[in-house]
Amino acid sequence: MEKKGLNEIRKLFLDFFQEKGHLVKPSYPLVPQNDKSLLLINAGMAPLKPYFSGTEVPPNERMATCQKCIRTGDIENVGKTARHATFFEMLGNFSFGDYFKEESIVWGWEFVTEHLKMPVDKLWASIYEEDEEAYEIWSKKIGISSERIVRLGKSDNFWEIGLGPCGPCSELYFDRGEKYGCGEADCKPGCECDRYVEFWNHVFTQFDKDEEGNYNLLPNPNIDTGMGLERVACIMQGVDSIFDIDTMRYILDKVCEATKTKYNVSEEKNTSIRIITDHIRSITFMVGDGILPSNEGRGYVLRRLLRRAARHGKMLGISKSFLHQLVDDVIKMYGETYMELTEKKEYIQKVIKVEEERFQETIHQGLEILNGYIEALKNDNTNILKGEYAFKLYDTYGFPLDLTREILEEEGLRVDDDGFEAEMTKQRQRARQARSGENAEGWKEDAFSELDKDIQTTFKGYEDLRGEGKVLALVLNNASVAEINKDEEAIVILDETPFYAEGGGQVGDLGSIYNEVFEATVMDTKPGINNRIHQTIKVNKGTLNIGDMVKTEVNETTRKSTARNHTATHLLHKALKEVVGEHVQQAGSLVTSERLRFDFTHFEGLTSQQVKEIEEKVNHQIMKSSEVAYLETTPVEAKKMGAEALFGEKYGEVVRVVKVGDYSIELCGGTHLKNSSEVGMFLIISEAGVASGVRRIEAVTGNEAYKYVKQQQGTIQRTGEILKTPVNNIINRIEAMIAEGKEKDREINKFKAQLASGATDEILKNAHLINGVRVIIEKVEVQNIDDLRKLGDALKEKIQSGAIVLACEVDGKVSFIATSTKDIVTKGVHAGNIVKEAAKIAGGGGGGRPDMAQAGGKNPEKIQEALEKAYEILKNQLNG
């Protein structure tokens with residue numbers, strides 16, 4: 001069998017199915033589109049679910065993909081076994097009601113025997129035990145002997161998730177030879193040993209399971225196959241581990257170089273090397289698809305992987321960030337196929353480097369604390385770390401729970417998961433609410449999925465704001481209805497509409513729908529499945545029926561204002577790249593008629609000079625009166641033109657390119673102006689951070705910008721009136737007032753020092769002697785803790801040798817300070833221990849160094865008792 005590289009296998013597969021009439025699509029992003037049931041794409045068919053469920057029409061009845069996938073369910077096994085990985089590629093060919101079992105099996109056999117040239121005598125097939133059709137194809141069409149066709153039960157060879165589409169499976173196996181077997185006489189596919197490797201699963205989706213458990217035949221059955229690319233590469237390259245296939249081994253060797261570690265010297269080091277090798281692939285692809293590290297959702301998955309890899313780098317002796325340097329090696333293996341990695345290389349490296357450096361800042365302290373917990377557990381002969389401690393490591397030091405759990409397991413300990421979850425409840429509440437009502441199975445139907453697939457909407461709103469349309473469907477309270485009446489709120493679907501449906505950050509259009517006997521206000525417009533546009537309306541007059549003709553009218557004022565903000569957003573995006581750097585990528589946006597909000601990837605706040613420069617660049621383009629041009633083309637041609645594509649956006653076979661003069665060019669389906677001058681004016685009103693590595697700019701344009709300027713002018717005018725100075729003298733007046741304030745502060749501090757000097761003399765009269773040591777323990781009247789410290793310093797300077805404990809009450813709270821001269825510290829006095837115990841009596845706590853400490857308390861009425869305790873402790877320390 002001829003060895004083949006991973007990249008070669010991928011190309012052979014896609015070329016083969018293209019010749020069989022399949023539309024070959026590039027891998028979909030790892031971030032699911034319009035699918036709330038998944039955090040990350042974890043299977044080849046996952047992005048195609050709408051086509052299988054019938055909610056969307058596929059671009060072709062035959063498709064083939066190589067889909068990048070992430071799975072972390074068994075992350076604890078990654079690096080420890082030969083096959084587990086968090087990132088993998090899934091080859092798949094799919095049929096949506098076109099060909100079925102015979103073509104799927106015959107083509108699969110043709111590919112593995114004639115193109116991969118696997119030995120026929122090494123191949124076995126499994127089928128669902130009741131699938132006679134598949135048996136006939138394997139035995140008669142393919143010619144495999146019955147001994148090498150294995151019937152397996154429902155748990156192995158029948159695919160179903162709850163209700164809905166399901167069906168039997170047939171899998172191809174490769175026989176690795178007797179040396180990998182268990183030695184049993186009946187060893188065959190389905191056995192738990194390592195001899196037979198399943199590498200290609202063919203799912204025949206031919207049934208629809210109903211709520212009563214019946215399996216009803218689908219009128220148009222589907223084909224969904226999946227072949228793990230890394231697994232088939234193992235077979236083709238004759239290796240036992242995915243870490244030894246060509247692409248993975250290249251990265252693994254680079255990991256060894258970066259960590260100055262040799263592979264296959266110790267199993268402990270091997271595990272760390274393999275974990276880093278696997279995780280850097282996942283990290284690179286996830287960041288390349290626009291995912292950023294965070295403490296929730298897919299961002300948390302990324303953070304877990306990155307910090308786990310960084311920790312294993314530390315175990316190999318790496319004390320600084322290094323993962324970002326391995327991105328080049330991943331791209332060298334995968335960049336030709338996944339061009340987004342090459343295009344975003346610097347950005348990917350920057351994200352990883354910043355996150356790794358953040359972790360490096362806390363990992364040392366976090367590990368020290370965790371090691372302290374581990375030592376305490378062992379001393380107490382217990383093996384469970386409290387959930388609150390694990391949460392502290394997570395919340396304060398950025399330790400993902402999995403990392404804490406992994407370190408504990410290495411010591412034979414475990415974490416109290418329930419306690420951790422209890423601590424997380426409040427933080428996770430928002431996420432749970434956001435997910436409420438989501439469909440974990442992803443196959444459920446609603447009123448829209450039940451509509452005829454021919455019900456589609458043609459959008460006419462680029463050219464016209466008014467038009468006519470025929471009512472194709474009405475949905476009231478999530479049910480399809482034939483008519484709607486006055487005062488009801490419903491969704492109407494027309495055959496043609498000028499109303500723009502919310503998308504790409506732009507809000508949906510508002511306006512009205514009417515005819516001679518009917519009037520309704522359009523309150524929102526959103527996209528529906530299967531190329532439909534949903535207008536949410538409130539009926540003001542009359543009745544609307546399916547089949548009625550209506551006039552449509554978009555609110556021109558709000559549409560024009562929204563277009564101003566959308567065109568300005570494109571100019572802002574370009575200006576950001578010019579001023580801040582090419583690594584800037586859009587991370588989200590909101591375009592309304594009132595304002596625009598633009599989230600972008602960057603790792604520090606913008607300076608005032610940068611904000612000024614960005615604002616000037618955008619306004620310069622507005623003043624140039626550049627034409628805003630539109631062009632429809634293919635994604636490939638758009639990319640050649642230099643059009644900016646956005647992370648995570650789902651683009652069809654035809655895309656719309658928006659150009660603003662020779663300055664900005666982006667893929668965009670939104671509505672825009674005809675000329676940049678129509679923006680009028682662009683003003684940035686805020687710039688701030690919204691998440692790790694994400695900044696946000698908010699801005700206004702047109703009339704809203706004018707109103708903002710007038711508001712600011714009013715504020716300035718009022719400020720001048722309050723300061724009793726002309727507007728053009730406000731800054732001078734404020735500077736003079738600040739100078740006057742500083743002079744008064746100096747006078748006040750001078751007066752306080754004089755008072756303190758007098759106060760110290762009074763306090764010194766009350767000093768005690770303990771074993772010949774001068775001791776001052778007093779409650780004093782001061783304004784704040786800072787004054788208390790200054791008084792303590794003044795007393796310390798005057799007595800030259802001794803110990804001082806002072807307490808005060810400010811705003812109902814207690815403050816303590818303790819200080820002692822160095823010669824007294826050598827006699828056993830410890831200021832930190834004194835205030836720590838004294839503060840406990842006043843309902844507080846604190847501590848510090850032997851020569852200086854401070855503490856606080858909640859109960860002022862306990863001050864005297866606390867000072868008596870301080871005296872007692874001092875006495876014991878000096879008598880010790």
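Helix axes are taken here as lines fitted to C-alpha atoms over the stretch in contact, with angles running from 0 to 180 degrees between N-to-C directions. In this predicted model, the axes of helix H8, which covers residues 267-288, and helix H9, which covers residues 297-315, come within 9 Å and cross at roughly 145°. The crossing of H8 with H9 is left-handed. On the side of H8, the residues that take part in the contact include Ile-275, Ile-276, His-279, Ile-283 and Met-286, and their counterparts in H9 include Val-301, Leu-302, Leu-305, Leu-306 and His-312. Taken by character, the residues of this contact between H8 and H9 comprise eleven nonpolar, five polar and three charged.

The protein as a whole has 880 residues, of which 49% are buried, and its secondary structure comes to 24 helices and 35 strands. Along the principal axes, the C-alpha trace spans about 110 × 85 × 50 Å. Among contacts between residues at least 6 apart in sequence, 68% join residues that are at least 24 apart.

Three successively numbered strands, E18, E19 and E20, illustrate the pairing of strands in the model. Strand E18, formed by residues 511-515, pairs with strand E19, formed by residues 518-528, in the antiparallel sense and over five bridges; within this pair, Ser-512 of E18 stands opposite Thr-521 of E19, and the hairpin that joins the two strands passes through two residues. Strand E19 is also joined to strand E20, formed by residues 532-541, by nine bridges, again in an antiparallel arrangement. Here Pro-527 has Ile-533 in E20 as its bridge partner, while the hairpin of E19 and E20 has three residues between the strands, with Asn-530 taking a positive phi near 60°.

The cysteines were examined for disulfides, for which two sulfur atoms must lie within 2.5 Å, and the count comes to zero. For Cys-69, the closest cysteine sulfur belongs to Cys-66 and is 8.4 Å away, which is too far for a bond; Cys-69 counts as buried because its relative accessibility is 0%. For Cys-191, the closest cysteine sulfur is that of Cys-193, at 3.6 Å, and this distance is likewise too far for a bond. Cys-191 has a relative accessibility of 29% and therefore counts as partly exposed.

Notes
Residues are numbered from 1 along each chain as its sequence is written. This is a predicted model: local features need pLDDT of at least 70, side-chain atom pairs count only at pLDDT 80 or more; totals for chains, interfaces and linings use all residues. Side-chain values use heavy atoms; hydrogens and water are left out. Two strands pair if DSSP finds at least two bridges between them. Helices (H or I, at least four residues) and strands (E, at least two) are DSSP runs, numbered from the N terminus. A crossing is left-handed if the near helix is turned anticlockwise from the far one by less than a right angle, and right-handed if clockwise. Contact means heavy atoms within 4.5 Å. Ala, Val, Leu, Ile, Met, Phe, Trp, Tyr, Cys and Pro count as nonpolar, Asp, Glu, Lys and Arg as charged, and the others, Gly among them, as polar. Buried means under 20% relative accessible area, exposed over 50%, partly exposed in between (1.4 Å probe, protein chains only).
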